[in-house]
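Let's take a walk through this one together. Have the sequence and the model side by side, and follow the chain names as we go.

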Amino acid sequence: MAGNVLTRSGAREASISATVTRADGTVEHLGVVSYWHRNPLRRWAWRIGRVFRRIVG
Amino acid sequence: MAALVVNTGLANITAAWHAYATRARYLQWGEGTGQDATATAIATAGDTTEARVEGTTSQQTTTTTDDTYRVVGTITAAGARAITEVGVFDGAGSGSPPTGANLGIYGDFTVINLASGDSIAFTVNVVFDQA
């Protein structure tokens, strides 16, 4: 499922944030686009939050 | 009785990773998804001919001092792209799209559509704790 992040370690969590800069100079801060937490409930909560932000955003 | 890595030990982990000569720091994007913990490369390079970008690594603080390893780097599109994944490798690799070296960190995400000249600045954080 898109939105996962993997790292070869015993890490607690990992995330990837992205900022897009268009060729015309426009900047789009996308925030955290991919997230993983050792606790599956935290991963689930992040996905739910992402869906919610899309709806209200 | 308990045995654990204390907070200073966590900082040692990220310090060691940050100082390691062949640490994961080269960013490559792609147009696939779904790699798992056994992956050695991004899922689909597709038409992403861009070279891997050497990111800047650092120690950061999320919960306890220096518990986070960070890689920051920006890749610029050489043409229209539909980016859905990024990998962090321990080497630049070779070829176009680049291959080789070892994948250390991987993430996939909802598509980011780009035109030629657009770029994405990625910030990759890996946080450690005692559990």
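A good place to start is P97(B), which you'll find in the loop between strand 5 (81-89) and strand 6 (103-114) of chain B. Keep in mind that this is a predicted model. The peptide bond that joins S96(B) to P97(B) is cis, with omega at about 5°. While we're looking at loops, there's another spot to check in chain B: D66(B) sits in the loop between strand 3 and strand 4 of chain B. D66(B) isn't a glycine, yet its phi is positive, at about 60°.

Now zoom out to chain B as a whole. Its secondary structure adds up to one helix and seven strands, and reading from the N terminus the order is α-β-β-β-β-β-β-β. The C-alpha trace of chain B spans about 55 × 25 × 25 Å along its principal axes.

What do some of those strands build? Together with strands from chain A, they make an open sheet of five strands in the order 3(A)-2(A)-7(B)-4(B)-3(B), paired antiparallel. The edges of this sheet are strand 3 (27-37) of chain A and strand 3 (56-60) of chain B, each of which pairs on one side only. From one strand to the next, the twist averages 20°.

Let's cross the sheet from the chain A edge. Strand 3 of chain A is paired antiparallel with strand 2 (residues 13-21) of chain A, over nine bridges. If you want a residue to fix the register, S15(A) has Y35(A) of strand 3 as its bridge partner.

The next step takes us from one chain to the other. Strand 2 of chain A pairs with strand 7 of chain B, again in the antiparallel sense and over nine bridges. Here I16(A) has V124(B) as its bridge partner in strand 7 of chain B.

Carry on into chain B, and strand 7 pairs antiparallel with strand 4 over nine bridges. V124(B) turns up again on this side, standing opposite V71(B). The last step joins strand 4 of chain B to strand 3 of chain B, which run antiparallel and share five bridges. In that pair, S58(B) stands opposite R70(B).

So where does the helix of chain B go? Helix 1 (residues 7-19) of chain B lies across strand 3, strand 4 (68-76) and strand 7 (119-127) of chain B. Relative to strand 3 of chain B, that helix runs at about 170°.

With the shared sheet in mind, turn to the contact between the chains. It takes 29 residues from chain A and 37 residues from chain B. The area buried between them is about 2,400 Å², with carbon and sulfur atoms giving 47% of it.

How many salt bridges cross the interface of chain A and chain B? There are two. One to look up is D129(B) with R38(A), where the closest N and O atoms are 2.9 Å apart. Counting polar contacts between chain A and chain B gives 13 residue pairs, with both residues at pLDDT 80 or more.

Which parts of chain A face chain B? Strand 1 (5-7), strand 2, strand 3 and helix 1 (40-56) of chain A each supply at least two residues of the side that touches chain B. Strand 2 of chain A gives the most, with nine residues. Sorted by class, that side of chain A has twelve nonpolar, ten polar and seven charged residues.

To put the picture back together, find strand 2 of chain A once more. Strand 2 of chain A pairs with strand 3 of chain A and with strand 7 of chain B, and of the elements of chain A it gives the most residues to the side that touches chain B.

Terms used:
Residues are numbered from 1 along each chain as its sequence is written. Chains are lettered from A and ligands numbered from 1 in the order in which they are written. This is a predicted model: local features need pLDDT of at least 70, side-chain atom pairs count only at pLDDT 80 or more; totals for chains, interfaces and linings use all residues. Side-chain values use heavy atoms; hydrogens and water are left out. Two strands pair if DSSP finds at least two bridges between them. Helices (H or I, at least four residues) and strands (E, at least two) are DSSP runs, numbered from the N terminus. Axes are lines fitted to C-alpha atoms, for helices over the stretch in contact, and angles run from 0 to 180 degrees between N-to-C directions. Contact means heavy atoms within 4.5 Å. Buried area is the accessible area (1.4 Å probe) that two parts lose on being put together, summed over both. A salt bridge is a side-chain nitrogen of Lys or Arg within 4 Å of a carboxyl oxygen of Asp or Glu. A polar contact is a pair of N or O atoms within 3.5 Å; within protein, one must be able to donate a hydrogen and the other to accept it, and residues adjacent in sequence count only if both atoms are side-chain atoms. Ala, Val, Leu, Ile, Met, Phe, Trp, Tyr, Cys and Pro count as nonpolar, Asp, Glu, Lys and Arg as charged, and the others, Gly among them, as polar.
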